[in-house]
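Dear colleague,

I am handing over the structure we spoke about, and I would be glad if you read the notes below with the coordinates open. They deal with how the helices pack and then with a handful of individual residues.

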Amino acid sequence: MDDVGELFGAIAWTALLCVPLGISLWALLDCAKRPGWAWALAGRRQVIWMAVILVGFISVVGGLAVSIWYLAKVRPVIARAEAGVGS
C-alpha cells in the first residue's frame with residue numbers, strides 16, 4: 001500500500017511541476033500564431049517576445065513570470081490589434 005501512496009505523490013508532484021512549463025508553452029505558441037502585422041499595429045516586437053519566453057524556459061520561475069506577463073498584458077493588446085479594435 002505504501003507504493004501506491006508514493007506513486008500518487010510522484011504523479012501529483014510531476015503534474016504540479018509541469019504547470020509552469022505548460023503555461024510557458026501556451027504563451028510561446030500564442031505568441032507565434034499571432035500575425036506580424038498585428039504586432040506592428042500594436043507597436044510590439046514578436047521576435048523579442050518569443051526570444052524572452054524561450055529564454056525563460058531555462059529558469060522555470062522566470063519563464064512563468066514572463067509568460068504570465070505576456071498572457072495578461074501583451075496578448076490582449078495584440079488580440080485587439082488583430083481584431084481591428086484600437087488600443
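In what follows, a helix axis is a line fitted to the C-alpha atoms over the stretch in contact, and an angle between two helices runs from 0 to 180 degrees between their N-to-C directions. Please keep in mind throughout that this is a predicted model.

With that convention, helix α1 (residues 2–33) and helix α3 (residues 46–56) pack at an angle of about 165°, and their axes are 10 Å apart. Because angles over 145 degrees count as roughly antiparallel, α1 and α3 are roughly antiparallel to each other, and their crossing is left-handed. On the α1 side the residues that meet α3 are Ser24, Ala27, Leu28, Cys31 and Ala32, while α3 brings Gln46, Trp49, Met50, Ile53 and Leu54. Sorted by class, this contact of α1 with α3 holds 8 nonpolar and 2 polar residues, with no charged residues.

The packing of α1 against α4 has an angle of about 45°, with the axes 9 Å apart, and α1 and α4 are therefore oblique to each other. The crossing of α1 and α4 is again described as left-handed. From α1 the contact draws on Pro20, Leu21, Ile23, Ser24, Trp26, Ala27, Asp30 and Cys31, and from α4 it draws on Val60, Gly63, Leu64, Ser67, Ile68, Tyr70, Leu71 and Arg75. By class, the contact of α1 with α4 consists of 11 nonpolar, 3 polar and 2 charged residues.

The remaining pair to report is α3 with α4, where the helices pack at an angle of about 150° and the axes are 7 Å apart. Here Trp49, Val52, Ile53 and Gly56 of α3 are in contact with Val60, Gly62, Gly63, Val66, Ser67, Trp69, Tyr70 and Val74 of α4. The class count for α3 with α4 is 8 nonpolar, 4 polar and no charged residues.

Which residues does Ser67 touch, once those up to four places away in sequence are set aside? They are Ile23, Ser24, Ala27 and Ile53. Ser67 itself is found in helix α4, which covers residues 60–83, and Ser67 has a relative accessible area of 0%, so that Ser67 is buried. In addition, the side chain of Ser67 makes a polar contact with the side chain of Ser24, at 3.2 Å. Ser24 belongs to the α1 residues that meet α3, and Ser24 is also listed in the contact of α1 with α4.

Three further residues of α1 deserve a note. Pro20 is placed in helix α1 and is buried, because its relative accessible area of 15% lies under the 20% cut-off. Setting aside residues up to four places away in sequence, Pro20 touches Val60 and Leu64, both of which are listed on the α4 side of the contact with α1. By contrast with those contacts, the C-alpha atoms of Pro20 and Arg44, which are 24 residues apart along the chain, are separated by 24 Å.

Asp30 also lies in helix α1, and with a relative accessibility of 4% Asp30 counts as buried. Apart from its neighbours within four places in sequence, Asp30 is in contact with Tyr70 and Arg75, and Asp30, Tyr70 and Arg75 are listed together in the contact of α1 with α4.

Cys18, likewise placed in helix α1, counts as partly exposed, at 41% relative accessibility. The C-alpha atoms of Cys18 and Val60 are separated by 9.8 Å, although the two residues are 42 residues apart along the chain.

Finally, Ala81 is found in helix α4 and is buried, with a relative accessible area of 10%. Leaving aside its neighbours within four places in sequence, Ala81 is in contact with Trp37, Ala38, Leu41 and Ala42. From Ala81 to Val47 the C-alpha to C-alpha distance is 17 Å, with their positions 34 residues apart in sequence counted as the separation.

With best wishes

Key:
Residues numbered from 1 in each chain as written. Predicted model: local features only at pLDDT ≥ 70, side-chain atom pairs only at ≥ 80, totals over all residues. Heavy atoms only, no water. Helix = DSSP H or I, 4+ residues; strand = E, 2+ residues; numbered from the N terminus. Buried < 20%, exposed > 50% of the residue type's maximum accessible area, 1.4 Å probe, protein only. Polar contact = N/O pair within 3.5 Å; in protein donor to acceptor, adjacent residues only side chain to side chain. Contact = heavy atoms within 4.5 Å. Parallel < 35°, antiparallel > 145°, perpendicular 65-115°, else oblique. Left-handed = near helix turned anticlockwise from the far one by under 90°. Nonpolar A, V, L, I, M, F, W, Y, C, P; charged D, E, K, R; others polar.
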